[in-house]
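Work through the exercises below with the coordinates open, and try each task before reading its solution.

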Amino acid sequence: MPFEQHYLAGLDLRGRRVLVVGGGTVAQRRLPRLIASGAVVDLVSPSVTPAVQGMVDAGELTWHERRFETGDVEGAWYVVACTSDIEVNAQIGEEATSQRVFCVRADIAVEGTAVTPATGMHDGMLIGVLAGGEHRRSASVRDGLVAALRDGRIADQAAPPVGVALVGGGPGDPELITVQGKRLLAHADVVVADRLAPRELLEELPAHVEVVDAAKIPYGRAATQEFINQTLVDRAKEGKFVVRLKGGDPYVFGRGFEELLACAEAGIPVTVVPGVTSAFGVPALAGVPVTHRGVAHEVVVVSGHVAPDDPRSLVDWPAIARLQGTVVLMMAVERAGAFATALMEGRPGSTPVAVIQEGSTASQRVYRSTLDSLGADVKAWEVRPPAIIVVGPVAGIAPANS
C-alpha cells in the first residue's frame, strides 16, 4: 500500500492567477472549485466542452483558444495540466518546476509537484482526503466523512445555529428533504411541524427536542397562523434554535414569508431553506412531467383555497383558462368541479387531468381523468387531501411501459 507523503495545505488563491491547460472533462471537473476560490483562471486549450464554454461565456475565466506555449506558466501561482497529450503535460510540469510553481498532473499524478485531494463541503468546511494516488479510496473516505458529519455521527464543534430556520421538508418522503434542511433539523431545540411535513423525520429527533404541532387539517382543526408565529418568536427569544418544518417549499402556498416577517419584526434571525415543492415534485414522482418539449411551454401553479367565484380570489381564471400549457392546482380537492368548469371556459372538456393523492408516500394514488369528468371522478374515487391536480396535455402522456 503506497504511503501518502504529500503535505496537505489550503491555498489562498483569491485574486491570484491560476493556469489550467486543457479544456476537456477533467478541466470541467476542476474549474468550478478554482473559480469558487476566487482564483483568476487562465485556460489554454484549442477547444473546450460545452460546460466549460458556459463558464467562459459567464466571464468566470479567460480562455486562450490555442495550444500550450512556452511562457504560459509565467506569473501563475498554481498550474493544472489536464490535456490528453502526455508529452504536453510533461512539458507544462517541467516549465512549472523551473519557475517553482506547483503543478498538478491530471494524467500521471505522481509526476506532478501537487495533487488534488478528493474534496467535499459541510457547513462551510472544505474537507480534503489524499490516499497516495488511490482516487477511489480517497473519494470513498471523503464521502463517508461528509455523510458522518451531516448525520451527526462525527461531532462538529461549530457554533450552533440561532434563531429560526424555515425548512421545506419536501412533498412527504423523508428522503426528499435537502441536505441543509436535515442538518439544521439535527440542531433543533424546538420543531414546529406541519401536518404535511415528513413525519418520519420527527421520530429521529432526540428526546429533549420539543415538537409543536402546527397542523392545519383541511376542513377541520387547525393551528392559527398567529399561534405559529408567536411560538416561533417566543421559543427563539428563550435562546432556543427553532426549526419550522413545513411540507413542500416554505414559500409556495406555505405562508413561510408571513412567518419570516413575524420573526423579523421581533428581531429574530431567520434562515430560509427551500424545499422540493409538491407542485412539481409530486407529479414528477407520479410520471407526470409538468413541462415537456413540444407539449407545454408554460406551467402555472394555482391555489385552490377559494372557489373561482369567491370575491377573495386573486386568480384571473379566464386568463388561466386561455393558456395552453399546464395548470397545477393545489388544495383544490373540495372544489375540483368548480375549477374544471372555470377552465373549460377556454379549454376543451377532453383536456387530460391527473390527480395524485398523498404523493411521494407509501399511500400515493394516481388517477387519470378529463376536465369534463373531474368533479364527478374526484367524488367517486373519494380523493382526499393532500392531492395535486395537474391539468393539460402533459397529463395525457406517459412512458410506453407505464
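**Exercise 1.** Determine which arginine lies over the face of W77, and at what distance from the ring centre.

*Solution.* In this predicted model, the residue to find is R16, which lies over the face of W77 at 4.4 Å from the ring centre.

**Exercise 2.** Classify the ring pair of W317 and F339, and locate both residues in the chain.

*Solution.* The count of aromatic pairs comes to three. For W317 and F339, the ring centres are 5.2 Å apart and the planes meet at 25°, and because planes under 30 degrees apart count as stacked, this pair is stacked. W317 belongs to helix 10 (residues 317–322) and F339 to helix 11 (residues 336–343), so that the pair links distant parts of the chain, 22 residues apart. Both W317 and F339 are buried.

**Exercise 3.** Repeat the analysis for Y367 and W381, and decide whether each residue is buried or partly exposed.

*Solution.* The ring centres of Y367 and W381 are 4.7 Å apart with their planes at 10°, so this pair is stacked. Y367 lies in strand 16 (residues 365–370), whereas W381 lies in the loop between helix 12 (374–380) and strand 17 (387–391), and the pair therefore ties together parts that are 14 residues apart in sequence. With a relative accessible area of 19%, Y367 is buried, while W381, at 27%, is partly exposed; the cut-off for buried is under 20%.

**Exercise 4.** Identify which residues make the nonpolar surface patch of about 280 Å², and place V110.

*Solution.* The patch is made by I86, I108 and V110. V110 sits in the loop between strand 5 (102–105) and strand 6 (118–122), and its relative accessible area of 69% makes V110 exposed.

Key. Residues numbered from 1 in each chain as written. Predicted model: local features only at pLDDT ≥ 70, side-chain atom pairs only at ≥ 80, totals over all residues. Heavy atoms only, no water. Phe/Tyr/Trp six-rings, centres within 6.5 Å; stacked < 30°, edge-to-face > 60°. Helix = DSSP H or I, 4+ residues; strand = E, 2+ residues; numbered from the N terminus. Buried < 20%, exposed > 50% of the residue type's maximum accessible area, 1.4 Å probe, protein only. Lys NZ or Arg CZ within 6 Å of the ring centre and 35° of its normal. Patch = residues over 30% accessible without salt bridge, like charges linked within 9 Å, V, L, I, M, F, W, Y side chains within 5 Å. Areas by Shrake-Rupley, 256 points an atom, 1.4 Å probe, with all protein chains shown as cover. Salt bridge = Lys/Arg side-chain N within 4 Å of Asp/Glu carboxyl O.
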